[in-house]
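Here are a few exercises to work through with the model open beside you. Try each task before you read its solution.

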Amino acid sequence: MITAVLFVSFFVLLIIGVPIAICLGLSSVAAILYASSTNIAFSNLDLSIIATNTYTGIAKFLLLAIPFFVLSGNIMTRAGISTRLVKFCDDCVGHRRGGMAIVCVVVACFFGAISGSGPATVAALGAVLIPAMIESGFAPSFAEALMATSSSVAIVIPPSIAFVVYASISGESAGDLFMAGIIPGILIGVALVVVVMIETRRKGIQPSHEKRSWGERWKSFKQAFWGLLMPVIILGGIYGGIFTPTEAAAVSVVYGLIVGIFIYKEVKLKDLLGILVDSAKTSGSIMLIVASASLFSYCCTLFGISTAAQALLTQVAENPVAFLLIVNIILLIAGCFIDANSAMYIFVPVMLPVAKAIGYDPVAFGIMITVNLAIGQVTPPVGVNLFVAIGMQIRDKAASLASGKDEYYHVTLPMISRAVLPMILACLVVLMLLTYIPQISLLLIGG
């Protein structure tokens, strides 16, 4: 009955639109109150355990990396790196058929390595890339779906907040996770480019401009260089043993300030307050989710839910192929309803011990989980990237000229859901490869 109170209250709150952090926290409190009042074994439960467990859930040195990475991403976004990246990639591949859509995928991968956030990547790049893709011949729904899906790579390409959360739960090296995420992120990008090429041939889309000269490419590369260098500094520093992931996050903030203020000169001192406020809001919402999810995970352990789930998965694990398939199905379904950080705290403590028992590498398992949850960012009904893309006002130039006033494309959820389907299928192919050939993820760390 305690299990029913915990999960029923959680899903009821989720269905009525309560924020995920509040859903996790309130359902945990409800389960603790019910258990202490009806079950003798839990009669000594004190409400102070709520405060204790929410605090211990976030009082980890590694999690300090989250606000720093959020802040550095916001600084680099304000510094105008997105337009420079778009210009450089357009100069390189824009002359090809469907070039602007390929630019979308490539730039989203690079920018994801800077922002670490899918929704932030959609917001920063969508206003430039979605209209450009539409003008080159792609349907508005396809353009928005591609922008949303490409941006989901942000939590796979390092530095990734999801990897930091997984490392804090599992005890694995965040640096190893960062390195292991590079190849999977590239593979997802390649899979999306294949989808673009198929759509290009199907629609007969032509190049948007002539091939740029090497001089033009070199000029745009120099403009984008300082943004491209940021992930190299972070990963090189971590993997070279120069600093820890948390220290790397702090270094990225200093580097972002230097680039934004002194090199690109687009970040002014008066902008810093707004950047800090935005970063504090984002970091606060993430840490609230982490704290509430920690309490929810504690309840699952306290009431024996995790043990029962592990026992069930252990039985299935006699067939590793079936176990991994079931894990993927569970995570894909969960990704339709909850965010990556919450899912990590709910499922990793249950699934990881079983994965270790069958000899599955915990770093590769973290990559598999993160790719699952990246796909969840574009799966309805709670695909956050889809809603950010839909919410962007993209001006319809032809309709505006005809009516004499501003008209906008209206892409609905059913339209974008249909358009995103082939992209999800392409990502699922990559997910299956990573699941059953974990050596792909471990290649760069010598696994």
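**Exercise 1. Find the volume of the largest pocket and describe its lining.**

Solution. Start with the volume: in this predicted model, the largest pocket takes up about 1,000 Å³. Next, look at what surrounds the space. The lining consists of 42 residues, and those nearest the centre of the pocket are Pro-119, Ile-286, Ile-289, Asp-339 and Val-384. Then sort the lining by class: 23 residues are nonpolar, 15 polar and 4 charged.

**Exercise 2. Work out which helices build that lining, and which of them gives the most.**

Solution. Begin with the helices that supply at least two residues each to the lining of the largest pocket: H2 (20–38), H4 (65–78), H7 (118–135), H9 (161–170), H14 (272–302), H17 (340–357) and H18 (362–376). Now rank the contributions. H14 comes out on top, giving 8 residues to the lining of the largest pocket.

**Exercise 3. Carry out the analysis for the second largest pocket.**

Solution. The volume of the second largest pocket is about 450 Å³. Its lining has 21 residues, with Phe-7, Ile-330, Ile-346, Phe-347 and Met-351 closest to the centre. Two or more lining residues come from each of H1 (2–15), H14, H15 (305–316), H16 (320–335) and H17. Here H15 has the largest share, with 6 residues. Finish with the classes: the lining of the second largest pocket holds 20 nonpolar residues, 1 polar residue and no charged ones.

**Exercise 4. Determine how H8 and H11 are oriented, and list the residues through which they touch.**

Solution. First take the geometry: the axes of H8 (residues 140–151) and H11 (residues 182–203) come within 11 Å and cross at roughly 170 degrees. Angles over 145 degrees count as roughly antiparallel. The two helices are therefore roughly antiparallel to each other. On the H8 side, the contact is made by Phe-142, Leu-146, Thr-149 and Ser-150, and on the H11 side by Leu-192, Val-195, Val-196 and Glu-199. By class, this contact between H8 and H11 has 5 nonpolar, 2 polar and 1 charged residues.

**Exercise 5. Decide how the chain as a whole compares with a globular protein of its length.**

Solution. Count the secondary structure before anything else: the chain has 22 helices and 0 strands. Its radius of gyration is 22 Å, close to the 22 Å that the globule rule gives for 447 residues, so the chain is as compact as a globular protein of that length. To complete the picture, add the extents along the principal axes, where the C-alpha trace spans about 75 × 45 × 45 Å.

Definitions and conventions
Residues numbered from 1 in each chain as written. Predicted model: local features only at pLDDT ≥ 70, side-chain atom pairs only at ≥ 80, totals over all residues. Heavy atoms only, no water. Axes fitted to C-alpha atoms, helices over the stretch in contact; angles between N-to-C directions. Helix = DSSP H or I, 4+ residues; strand = E, 2+ residues; numbered from the N terminus. Parallel < 35°, antiparallel > 145°, perpendicular 65-115°, else oblique. Contact = heavy atoms within 4.5 Å. Nonpolar A, V, L, I, M, F, W, Y, C, P; charged D, E, K, R; others polar. 1 Å grid on protein atoms, 1.4 Å probe; cavity = no way out; pocket = protein on both sides within 12 Å on 5 of 7 lines; lining within 4 Å. Points joined across faces, edges and corners; volume = space filled by probe spheres on them. Rg over C-alpha atoms; globule rule 2.2 N^0.38 Å.
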